[in-house]
Amino acid sequence: MTTIAWDGRYLAADKMTVNNGLARITTKIWRVGDLLVGVSGNLDAGMAMKNWIERGENPDNFPESQKKNDTYTPTCVIRNKEYWVYESTPFPFRIEDDFAAMGSGRDFALMAMRLGLPAKTAVIITAEFDVGTGGEVDVLDSWRDSACPE
């Protein structure tokens, strides 16, 4: 459970994770070379995807956990300011909308961004309604490595 939001420039994600009923803090988005990467769902499968992307996204080495519909974790990659999603194959699809979101709070975040709010604010608002979203918010700038304006 999580919320990851993309507003066309900034990628934002909440930091709450839950393991056996215990809420903890974790990171769900990263800068990997020229890419921004975010994972939603099982964090261990998400870490396998992050590692696979760091190693060059070779289709022959696609994580086994990702190949199964019951264990894969949706993974977004911002490449050249475009939002791509990996699901259960090593071949991503592109979301061509001006903004996108994934995770349990996706609908709230999409509505907030549709109303003109930036990704970070969309995740903060989502945390008020979605029980799977919480904690602080990480933000990455696709234009440069800088902080997101409040």
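**Group meeting: a walk through the predicted model**

Okay, let's start inside the fold: Thr-75 sits in strand β7, which covers residues 75-79. One thing up front, this is a predicted model. Is Thr-75 buried or exposed? Thr-75 is buried, because its relative accessible area is 0%, and the cut-off for buried is under 20%.

So who is around Thr-75? Leaving out residues up to four places away in sequence, Thr-75 touches Val-37, Gly-38, Val-39, Met-49, Ile-53, Gln-66, Trp-84, Val-85, Tyr-86 and Met-102. There is also a polar partner for its side chain: a polar atom there lies 3.1 Å from the backbone oxygen of Thr-73.

Let me zoom out for a minute. The protein chain has 3 helices and 11 strands. If you read from the N terminus, the order goes β-β-β-β-β-β-α-β-β-β-β-α-α-β. As you turn it on the screen, the C-alpha trace spans about 40 × 35 × 25 Å along its principal axes.

Does that look like a ball or like something drawn out? Well, for 150 residues a compact globule would have a radius of gyration near 15 Å, and the protein chain comes in at 14 Å, so the two agree. Of those 150 residues, 43% are buried. On contacts, if you take the ones with a separation of 6 or more, 56% are between residues 24 or more positions apart.

A word on the surface and the charges. The accessible surface of the protein chain is about 8100 Å², and carbon and sulfur atoms account for 49% of that. For charged side chains, the count is 16 positive and 22 negative. The centres of those two sets lie 3 Å apart.

Next stop, Met-16, in strand β3, residues 16-19. Met-16 is also buried, since its relative accessible area is 17% and the line is drawn at under 20%. Have a look at Met-1 here: Met-16 and Met-1 are 15 residues apart along the chain, and their C-alpha atoms are separated by 8.4 Å. Those two residues are in contact. Setting aside neighbours within four places in sequence, the other contacts of Met-16 are Ala-23, Arg-24, Lys-28, Val-131, Gly-132, Thr-133, Gly-134 and Gly-135.

Now over to helix α1, residues 43-54, where we find Lys-50. Here's a lysine that counts as buried, because its relative accessible area is 14%. What does its side chain pair with? The side chain of Lys-50 makes a polar contact with the side chain of Glu-54, at 2.9 Å.

Moving past that helix, Glu-57 lies in the loop between α1 and β7. Glu-57 is buried too, with a relative accessible area of 16%. Which side chain does Glu-57 meet in a polar contact? The answer is Arg-79, and the distance is 2.9 Å. Beyond residues up to four places away in sequence, Glu-57 touches Leu-35, Trp-52, Arg-79 and Tyr-86. Leu-35 is 22 residues from Glu-57 along the chain, with 12 Å between the C-alpha atoms. Tyr-86, by the way, is on the contact list of Thr-75 as well.

There's a backbone point about Glu-57 that I'd like you to look at. Most residues other than glycine have a negative phi. Glu-57 has a positive phi, near 60 degrees. Lys-81 is another non-glycine residue with a positive phi, about 65 degrees.

Where is Lys-81? You'll find Lys-81 in the loop between β7 and β8, with β8 covering 82-86. Unlike Glu-57, which is buried, Lys-81 counts as partly exposed, because its relative accessibility is 47%.

Last one: Thr-121, in helix α3, residues 119-127. Thr-121 is partly exposed at 24% relative accessibility. If you want to place it against Arg-79, the two C-alpha atoms are separated by 23 Å, and the residues are 42 apart along the chain.

To pull two of these together: Thr-75 is buried in the model at 0%, and Glu-57 and Arg-79 are joined by a side-chain polar contact. That's my tour, happy to rotate anything on the screen.

Definitions and conventions:
Residues numbered from 1 in each chain as written. Predicted model: local features only at pLDDT ≥ 70, side-chain atom pairs only at ≥ 80, totals over all residues. Heavy atoms only, no water. Helix = DSSP H or I, 4+ residues; strand = E, 2+ residues; numbered from the N terminus. Rg over C-alpha atoms; globule rule 2.2 N^0.38 Å. Buried < 20%, exposed > 50% of the residue type's maximum accessible area, 1.4 Å probe, protein only. Contact = heavy atoms within 4.5 Å. Areas by Shrake-Rupley, 256 points an atom, 1.4 Å probe, with all protein chains shown as cover. Lys, Arg positive; Asp, Glu negative; His and termini not counted. Charge placed at Lys NZ, Arg CZ, Asp CG, Glu CD. Polar contact = N/O pair within 3.5 Å; in protein donor to acceptor, adjacent residues only side chain to side chain.
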